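Welcome, and please have a look at the chain below. A short tour of its strands, cores and backbone angles follows.

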Amino acid sequence: MATDLAGGLSEELDYVFATQPDDPEMRESVNVWLWDKGDRIGIPRIGIEAVGERWHAHDVQVNIASGDGRVFNRYGTGDAHDPLNAQGRPATLGAGPLSFECVEPFRHWRMRFDGLVHEWTCDEQIAGGQPPSEPTVQVQIDIDLHSAVPPWVNGGLLPEVKRVLEEQDEGALIGGPRFEQLARARGTVAIGDAEHRIDGGALRIRRRGVRRLGTFRGHAWQSALFGSGRAFGYLVFPPRDDGLPTYNEGFIFDGGGELIPAWVVDAPWLNRLQHHGDDATVVIESEQGTTTIEAETVMSTFMVMGGVGPGTEGYPVLQQAVTRFRWDGEEANGMMERSVPGNLIEP
């Protein structure tokens, strides 16, 4: 079956703002999760968030995880890059040492980073520590992303979910119009003197809108692309206390054609903090029936914002991870992000 890698969307949606938006709350963002076929290195989130009120300096986040438990991070701002390419199209969202370039909408993006990062450990993150005061490790990233699956637009597959995003605070949490797209990834990640050749996959997320944080309840989010071309993805929030439906949407992709709408019946909610080896199996329902995709974490980064245990109900705990998935005998790495209030973490 032929696959429309734009998913019927206008190519203009994959370019970035050419000029500062009028709305000071408007956000433009590109985020990527990157994984190799092996278990030495991964990037469980690298991204830029551009906010209208301070358009000259965009937020930059870099999370690199290694199989031995080391993590390399950078958080801060960077001077905004000129978005226009040689043809005058607004193709680049860049800030300081990081840039994302749209080479061909919905088909080819290029990611580059050249700068210093902090080096510390996943165990230190779990303990609620802080990174060293100064970044000291030189990192260079040069990756090409070639899309392999049509984009998934949040709220675009299940009509009842679209109503949730339009009428409830889940829509504000997601941050307005948003889509994500799985890709094959090739290139290099150099950390200090060690260069890692990347032959794997990535998830690219594009979001443009106003984002307001509502009541925090947590979430679970996974996606992966397999060697056969099959893929899956989903995003689900926990049940609401008021009995209203929550956001629960995903897809299955058979390697060609269109995305098959799906939803989660058993999510791997975060309940303990460990670097790797945690069970992250998910059960998905679709028109094809029930699909169980087994999974375990390979490498992780954490943000423990206010501790864990009693009294931390209002403080998120966030895990961003590279995860190994097994689906009907086929194995592949992919991404996972999940969060819960700190009081729900097992001691």
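## The barrel

Let's begin with the barrel: strands 12-13-14-15-16-17-18-19 form a closed barrel of eight strands, paired in the antiparallel sense. From one strand to the next, the twist averages 30°. Do keep in mind that this is a predicted model.

Strand 18 and strand 19 belong to this barrel, and twelve bridges link the two in antiparallel fashion. Within that pair, Val-322 has Met-335 of strand 19 standing opposite.

## The chain as a whole

Stepping back, the protein chain holds three helices and 19 strands. Its radius of gyration is 19 Å, close to the 20 Å that the globule rule gives for 347 residues, so the chain is as compact as a globular protein of that length. The C-alpha trace spans about 45 × 45 × 40 Å along its principal axes.

How much of the chain is buried? Of its 347 residues, 56% count as buried. The exposed surface comes to about 14500 Å², with carbon and sulfur atoms supplying 48% of it. If you are thinking about contact maps, take the contacts between residues at least 6 apart in sequence: 63% of these join residues at least 24 apart.

## Strand 13, enclosed on both faces

Back in the barrel, strand 13 (residues 231-236) deserves a visit. Six of its six residues are buried, so the strand is largely enclosed by the rest of the structure. In a regular strand, side chains alternate between the two faces of the sheet. Here one side carries Ala-231, Gly-233 and Leu-235, the other carries Phe-232, Tyr-234 and Val-236, and all of these are buried.

Strand 13 has antiparallel neighbours to follow in the viewer. With strand 12 (residues 219-225) there are six bridges, and Ala-224 stands opposite Phe-232. Five residues lie between strand 12 and strand 13 in their hairpin, where Gly-229 in the turn has a positive phi of about 100°. Six bridges also join strand 13 to strand 14 (residues 248-253), with Leu-235 partnered by Glu-249 of strand 14.

## Strand 7 and its partners

Another strand to trace is strand 7 (residues 108-121), which pairs in the antiparallel sense with strand 4 (residues 70-79) over four bridges. In that pairing, Asn-73 has His-118 of strand 7 as its bridge partner.

Strand 6 (residues 98-104) pairs with strand 7 over six bridges, again antiparallel, and Leu-98 is matched with Phe-113. Strand 6 and strand 7 make a hairpin with three residues between them, in which Phe-106 takes a positive phi near 65°. Ten bridges then join strand 7 to strand 8 (residues 137-147), also antiparallel; there, Arg-112 has Asp-142 of strand 8 as its bridge partner.

## Two nonpolar cores

In soluble globular proteins, nonpolar side chains tend to be buried together. Which residues touch the most other members of the largest nonpolar core? In this core of 36 residues, they are Leu-34, Ile-46, Ile-64, Phe-100, Met-111, Ile-141 and Ile-143. Leaving aside residues up to four places away in sequence, Met-111 touches Val-32, Leu-34, Ile-46, Leu-98, Ser-99, Phe-100, Ile-141, Asp-142 and Ile-143.

A second, separate core has 27 residues, among them Val-149, Val-161, Val-298 and Val-322. Val-322 is a name you have met already, as the residue opposite Met-335 in strand 19.

## Two positive phi angles

Most residues other than glycine have a negative phi. Arg-45 is not a glycine, yet its phi is positive at about 120°. This residue sits in strand 2 (residues 41-51).

Asp-328, also not a glycine, has a positive phi of about 50°. Its place is the loop between strand 18 (316-327) and strand 19 (330-341).

Are these two residues buried or exposed? Arg-45 has a relative accessibility of 14%, which is under the 20% cut-off, so this residue counts as buried. Asp-328, at 68%, is over the 50% cut-off and therefore counts as exposed.

Definitions and conventions. Residues are numbered from 1 along each chain as its sequence is written. This is a predicted model: local features need pLDDT of at least 70, side-chain atom pairs count only at pLDDT 80 or more; totals for chains, interfaces and linings use all residues. Side-chain values use heavy atoms; hydrogens and water are left out. Buried means under 20% relative accessible area, exposed over 50%, partly exposed in between (1.4 Å probe, protein chains only). Two strands pair if DSSP finds at least two bridges between them. Axes are lines fitted to C-alpha atoms, for helices over the stretch in contact, and angles run from 0 to 180 degrees between N-to-C directions. The radius of gyration is taken over C-alpha atoms; the globule rule is 2.2 Å times the number of residues to the power 0.38. Contact means heavy atoms within 4.5 Å. Accessible areas come from the Shrake-Rupley method with a 1.4 Å probe; for residues, only the protein chains shown count as cover. A nonpolar core is a set of buried Ala, Val, Leu, Ile, Met, Phe, Trp, Tyr and Cys residues joined through side-chain atoms within 4.5 Å.
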